[in-house]
Amino acid sequence: MILRGQLRRLSPFSKIALHCLDMPAALKQNLPLIFASQHGDLAKTITLIKDAALGENLSPTKFSLSVHNATTGLFSIAT
């Protein structure tokens, strides 16, 4: 269901979250999806902070995938 290009960009955090989701049941019943994450993908956030501290350019892709709703966004795009 998740496209290869999207799967490659997913962190272990996002892969685990999507793996735990019962996608076929969620799609059949057309239920709203609620995903709670206080800090988003913390590993990506830490990388961004380190890059900023070193004065390096920040990756827009890494930023967009670090926010708390990135995993549900990828699920929404895939479905």
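**Exercise 1. Asp51 and its charge partner**

Work out in which helix Asp51 lies, and which side chain of opposite charge is nearest to Asp51.

*Solution.* Start with the location: in this predicted model, Asp51 belongs to helix H4. Next, look at its surroundings. Setting aside neighbours within four places in sequence, Asp51 makes contact with Glu56, Leu58 and Lys62. Now check the charges. The nearest side chain of opposite charge is that of Lys62, 4.2 Å away. A salt bridge calls for a nitrogen of Lys or Arg within 4 Å of a carboxyl oxygen. Asp51 therefore has no salt bridge, although Asp51 is buried.

**Exercise 2. How far to trust the helix around Asp51**

Find which helix has the highest confidence and which has the lowest.

*Solution.* Begin with the whole protein: the mean pLDDT is 78, and 85% of the residues reach 70 or more. Then go helix by helix. Confidence peaks in helix H4 (residues 42-53), with a mean of 89. The low end is helix H1 (residues 4-9), with a mean of 69. Keep a general caution in mind here: where pLDDT is low, predicted coordinates should not be read in detail.

**Exercise 3. The two sides of H2**

Decide which residues of helix H2 are buried, and which are exposed on the other side.

*Solution.* First collect the buried residues of H2 (residues 12-20): Ser14, Ala17 and Leu18. These three cover an arc of only 95° around the axis, so they sit on the same side of H2. The spacing rule helps: an α-helix has 3.6 residues a turn, so residues three or four places apart point the same way. Finally, turn to the other side of H2, where Pro12, Ile16, His19 and Cys20 are exposed.

**Exercise 4. Val67 in its loop**

Is Val67 buried, partly exposed or exposed, and how far apart are Val67 and Leu42 in space?

*Solution.* Place the residue first: Val67 is in the loop between helix H5 (60-66) and helix H6 (70-78). Its relative accessible area is 27%. Buried would need under 20% and exposed over 50%, so Val67 counts as partly exposed. For the distance, Val67 and Leu42 are 8.8 Å apart, C-alpha to C-alpha, with their positions 25 residues apart in sequence.

**Exercise 5. The whole chain**

State how many helices and strands the protein has, and what share of its residues is buried.

*Solution.* Count the elements: there are 6 helices and 0 strands, giving the pattern α-α-α-α-α-α along the sequence. Then take burial: 27% of the 79 residues are buried. To finish, consider contacts between residues at least 6 apart in sequence: 62% of them join residues at least 24 apart.

Conventions
Residues numbered from 1 in each chain as written. Predicted model: local features only at pLDDT ≥ 70, side-chain atom pairs only at ≥ 80, totals over all residues. Heavy atoms only, no water. pLDDT = per-residue confidence, 0-100. Helix = DSSP H or I, 4+ residues; strand = E, 2+ residues; numbered from the N terminus. Buried < 20%, exposed > 50% of the residue type's maximum accessible area, 1.4 Å probe, protein only. Contact = heavy atoms within 4.5 Å. Lys, Arg positive; Asp, Glu negative; His and termini not counted. Arc of directions from axis to C-beta.
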